Amino acid sequence: MKFTAFERTLQGTGASRRLRIAGKVPAIVFGAGEPAMVELDHNALFHALKKEAFHSSILEMELNGAVTQVLLRDYQLHPYKPQVLHCDFQRVDNTTKITKKVPLHFVGEAESPAVKLDHCTVNHVVTELAITCLAQQLPEFIEVNLSGMTKGHSLHVNDITLPAGIKVVTHGKPNPVIATPVEPAKEEVIVAAAPADDGKGKKGKKK
């Protein structure tokens, strides 16, 4: 994905506020050299942020006619307005090693024995993973095949086939669960007991 940035000469809270009023977003580009203060078109950036690939793939930033490869590292949104307040980008090249979260795309769920035969539902315990790799190897997403899932058996990180050069960062957990089948709830049939007859409700009395 490609976007255009423009040099930002004025800094500070007041300058950033004026940029936002003018429909621009202040941003910074760091890594592989001196940090660069830039500004972006707000509407174009706002729509780009809605796309999954903008968050998890290498982007081409055009600045002063030159194209640089960058990654989106952070962004700040207004607490309640649909407005982007600030963005951070990192320059990358063939030697840059990064750690970044990438989304998981689950496939084959409906064909799995757990769902098809045992009528389970599959709980996606996590929907993204932190990985470490060279920037050029960064995948837009990692595909997780659930077609072999069976009742009573969860899918773990070690069960996923990862692209070459990709290593999952598990933060100390040896083999975290990715997805697990949940059996359908059993319907309980409650039979109401008939009220005990204590004899008080009978008509008439014995003489």
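The following dialogue examines a predicted model of one protein chain.

Student: How many helices and strands does the secondary structure of the chain come to?
Tutor: The model is predicted, and the chain has 207 residues, of which 34% are buried. Among contacts with a separation of 6 or more, 66% are between residues 24 or more positions apart. The secondary structure amounts to four helices and 13 strands.

Student: In which element of the chain is confidence lowest, and in which is it highest?
Tutor: The average pLDDT of the chain is 85, and 89% of the residues score at least 70. Helix α1, residues 13–21, has the lowest confidence, with a mean of 77. The highest value, 94, belongs to strand β11.

Student: Why can the buried residues of α1 be said to line one face of the helix?
Tutor: The buried residues of α1 are Ala 15, Ser 16 and Leu 19. Seen down the helix axis, these buried residues fall within an arc of 100°, so they line one face of α1. On the other side, Thr 13, Arg 18 and Ile 21 are exposed. The angle that supports the conclusion is therefore the arc of 100°.

Student: Which strands do the buried residues of α1 pack against?
Tutor: The helix is followed by Gly 23, which lies just after α1 and takes a positive phi of about 85°. As for packing, the partners of the buried residues of α1 are the strands β2 (24–30) and β3 (36–41).

Student: Which element gives the largest share of the largest nonpolar core?
Tutor: This core has 25 residues, and Ile 131, Val 144, Leu 146 and Ile 178 touch the most other members. Two or more residues come from each of β7 (97–107), β9 (128–134), β10 (142–145) and β13 (177–182). The largest share, four residues, is that of β7.

Student: How many residues are in the second, separate core?
Tutor: In addition to the largest core, there is a second core, separate from it. Its members include Ala 36, Ala 48, Phe 54 and Val 84. The number of residues in this second core is 20.

Student: Which residues is Leu 146 in contact with, leaving aside its neighbours within four places in sequence?
Tutor: Leu 146 is one of the residues that touch the most other members of the largest nonpolar core. Its contacts beyond those neighbours include Phe 106, Val 107, Gly 108, Glu 109 and Ser 112. The list is completed by Val 122, His 124, Leu 155 and Ala 179.

Student: Is Ser 56 buried or exposed?
Tutor: Ser 56 is placed in the loop between α3 (52–55) and β4 (59–63). Its side chain reaches the backbone oxygen of Glu 52 at 3.3 Å. Leaving aside neighbours within four places in sequence, its contacts are Lys 100, Lys 101, Val 102, Pro 103, Leu 138, Pro 139 and Glu 140. Because its relative accessible area is 1%, and the limit is under 20%, Ser 56 is classed as buried.

Student: Are Cys 87 and Cys 133 buried or exposed, and how many disulfides does a search of the whole structure find?
Tutor: Cys 87 has 0% relative accessibility, so it counts as buried. Cys 133 has 2% relative accessibility and therefore counts as buried. For disulfides, the number found in the whole structure is zero.

Student: What is the phi of Asn 64, and what is that of His 119?
Tutor: Most residues other than glycine have a negative phi. Asn 64 lies in the loop between β4 and β5 (66–77), and it is exposed, with a relative accessible area of 58%. His 119 is in the loop between α4 (113–116) and β8 (121–124), and it is exposed at 56%. Both values are positive: phi is about 55° for Asn 64 and near 60° for His 119.

Student: How far apart in space are Arg 73 and His 55, C-alpha to C-alpha?
Tutor: Arg 73 is found in strand β5 and, at 31% relative accessibility, counts as partly exposed. Leaving aside neighbours within four places in sequence, its contacts include Phe 30, Asp 88, Phe 89 and Lys 100. Arg 73 and His 55 are 18 residues apart in sequence, and their C-alpha to C-alpha distance is 8.1 Å.

Notes. Residues are numbered from 1 along each chain as its sequence is written. This is a predicted model: local features need pLDDT of at least 70, side-chain atom pairs count only at pLDDT 80 or more; totals for chains, interfaces and linings use all residues. Side-chain values use heavy atoms; hydrogens and water are left out. Buried means under 20% relative accessible area, exposed over 50%, partly exposed in between (1.4 Å probe, protein chains only). A polar contact is a pair of N or O atoms within 3.5 Å; within protein, one must be able to donate a hydrogen and the other to accept it, and residues adjacent in sequence count only if both atoms are side-chain atoms. Contact means heavy atoms within 4.5 Å. A nonpolar core is a set of buried Ala, Val, Leu, Ile, Met, Phe, Trp, Tyr and Cys residues joined through side-chain atoms within 4.5 Å. A disulfide is a pair of cysteine sulfur atoms within 2.5 Å. pLDDT is the predictor's confidence in each residue, from 0 to 100. The arc is that of the directions from the helix axis to the C-beta atoms.
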